[in-house]
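User: I'm new to this one and would like a walk through it. Could you take my questions one at a time?

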Protein chains: 2
Amino acid sequence: MPPSPETPRRIDPIRPTDADARGIARALLTGARTAALGVLDPATGAPFVSRVAFGLGPAGVALTLVSDLAFHAGALRADPRVSLLLGEPGPKGDPLVHPRLTLAATARFVATDAPERAALREAWLGHHPKAALYVDFADFHFVRFEIASGHLNAGFGKAYALDANDLKLQS
Amino acid sequence: MPPSPETPRRIDPIRPTDADARGIARALLTGARTAALGVLDPATGAPFVSRVAFGLGPAGVALTLVSDLAFHAGALRADPRVSLLLGEPGPKGDPLVHPRLTLAATARFVATDAPERAALREAWLGHHPKAALYVDFADFHFVRFEIASGHLNAGFGKAYALDANDLKLQS
């Protein structure tokens, strides 16, 4: 029976994490080509959300490629705490039924001369071949995301709190 | 001539706002059915991004409908400063070429007994007819967004800083 409009619903919105939830979250991580990146505006402390390219590198590390010209690049250098929303609604149906995953993470810039950069670059160009046009420009940098936890919403009433292990990809 | 990979590009990434930019931004506002909502986690001050339904009410007011069970509802009550990312990438082409708009706004909860609620409800159900199933549940509330400014990215090298007037819709 659906709840009555007049009675507040007393339900715990977070379900116990199971293999299905882990599978949906990992599929979102593997499939995402973009993310909505939330950072803190260094001038005000307010949130700022922008779209960034997203992909996985060696051993499943979450990555983006940013230009120093982007607002979020300066914000990440001032405070590396980020939130990433993965999972784009499809063109049809109720967009809030489409699964999406919010990650809490710390952003780490990869130095241009870091030994790991070559492998990240190769993996990135596999996902984002058009990035070959600008990946080596001096103002572009890879950023790794160290994921602390996740919040999966797999549709109405299907919310899960995930830890870093739940989100670890077998590579 | 494209910039050399070795030479940092010294360009101002923000273009002067023109009628085209205003038109793209207003089309994103009018067309969006969802948004990536950035709030501050009350426990840590870190950003948190989630997907919310989005639509315009009377006189072009930007709206969402939130449940008190959602994490962002508590965050909005603790600090009303938000960022909203509008504009979903299509299924084809480079998703970073697709225009998107970041809004800086303040969230205002609409009281259940506010005189304006009936008109907001009617407009909302016009955009989101399936919300009729839960719009009157006691834990659901309309939230108005007072928009302070916007950042439009209309594709590589096409960034614009917009003020509240640039984003005002003729109604």
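User: Let's start with helix 2 of chain A: what covers its buried residues?

Analyst: Sure, and keep in mind that this is a predicted model. The buried residues of helix 2 (residues 71–78) of chain A are A:His72, A:Ala75 and A:Leu76. They sit on the same side of the helix, because the arc they cover around the axis is only 100°. The cover over them includes strand 2 (34–40), strand 3, strand 5 (62–67), strand 6 (81–86), strand 7 (100–109) and strand 8 (140–153) of chain A.

User: And in what order do the elements of chain A run from the N terminus on?

Analyst: Chain A has three helices and nine strands to place. Reading from the N terminus, the order is β-α-β-β-β-β-α-β-β-α-β-β.

User: What share of the residues in chain A is buried?

Analyst: For a sense of scale, the C-alpha atoms of chain A fill a box of roughly 60 × 40 × 30 Å along the principal axes. Among contacts in chain A with a separation of 6 or more, 63% are between residues 24 or more positions apart. Of the 171 residues in chain A, the buried share is 36%.

User: Is A:Phe54 buried or exposed?

Analyst: A:Phe54 lies in the loop between strand 3 (47–53) and strand 4 (55–56) of chain A. Beyond its neighbours within four places in sequence, A:Phe54 is in contact with A:Ala32, A:Arg33, A:Thr34, A:Ala35, A:Thr64 and A:Leu86. There are 23 other C-beta atoms within 10 Å of A:Phe54, and the cut-off is 20 or more. So A:Phe54 counts as buried.

User: How many Å separate the C-alpha atoms of A:Phe54 and A:Ala21?

Analyst: Along the chain, A:Phe54 and A:Ala21 are 33 residues apart. In space, their C-alpha atoms are separated by 21 Å.

User: Over to chain B. How far apart are the end C-alpha atoms of helix 1?

Analyst: Helix 1 of chain B takes in residues 19–31, which makes 13 residues. At 1.5 Å a residue, helix 1 of chain B should span 18 Å. The model agrees with that, because the end C-alpha atoms are in fact separated by 18 Å.

User: Which residues are exposed on the other side of helix 1 of chain B?

Analyst: Let's take the buried ones to begin with: B:Ala21, B:Ile24, B:Ala25, B:Leu28 and B:Leu29. Those cover an arc of only 135° around the axis, so they fall on the same side of helix 1 of chain B. They pack against several strands of chain B, including strand 4 (55–56), strand 8 (140–153) and strand 9 (159–163). On the other side, the exposed residues are B:Ala19, B:Asp20, B:Gly23, B:Thr30 and B:Gly31.

User: Which element gives the most to the side of chain B that touches chain A?

Analyst: The contact involves 41 residues of chain B and 41 residues of chain A. Elements giving two or more residues on the chain B side are strand 2 (34–40), strand 3 (47–53), strand 6 and strand 7. That side divides into 23 nonpolar, seven polar and eleven charged residues. With six residues, the top contributor is strand 3 of chain B.

User: Last one: what kind of axis relates the two chains?

Analyst: The copies meet through the same surface, because 100% of the interface residues of chain B are also interface residues in chain A. Chain B superposes on chain A by a rotation of 180° with 0.0 Å of shift along its axis, at an RMSD of 0.0 Å. That relation is a two-fold axis.

Key: Residues numbered from 1 in each chain as written. Chains lettered and ligands numbered in written order. Predicted model: local features only at pLDDT ≥ 70, side-chain atom pairs only at ≥ 80, totals over all residues. Helix = DSSP H or I, 4+ residues; strand = E, 2+ residues; numbered from the N terminus. Buried ≥ 20, exposed ≤ 12 C-beta atoms within 10 Å, placed from the backbone. Contact = placed C-beta atoms within 7 Å. Expected span 1.5 Å × (residues − 1). Arc of directions from axis to C-beta. Nonpolar A, V, L, I, M, F, W, Y, C, P; charged D, E, K, R; others polar. Least-squares fit on C-alpha atoms with pLDDT ≥ 70 in both.
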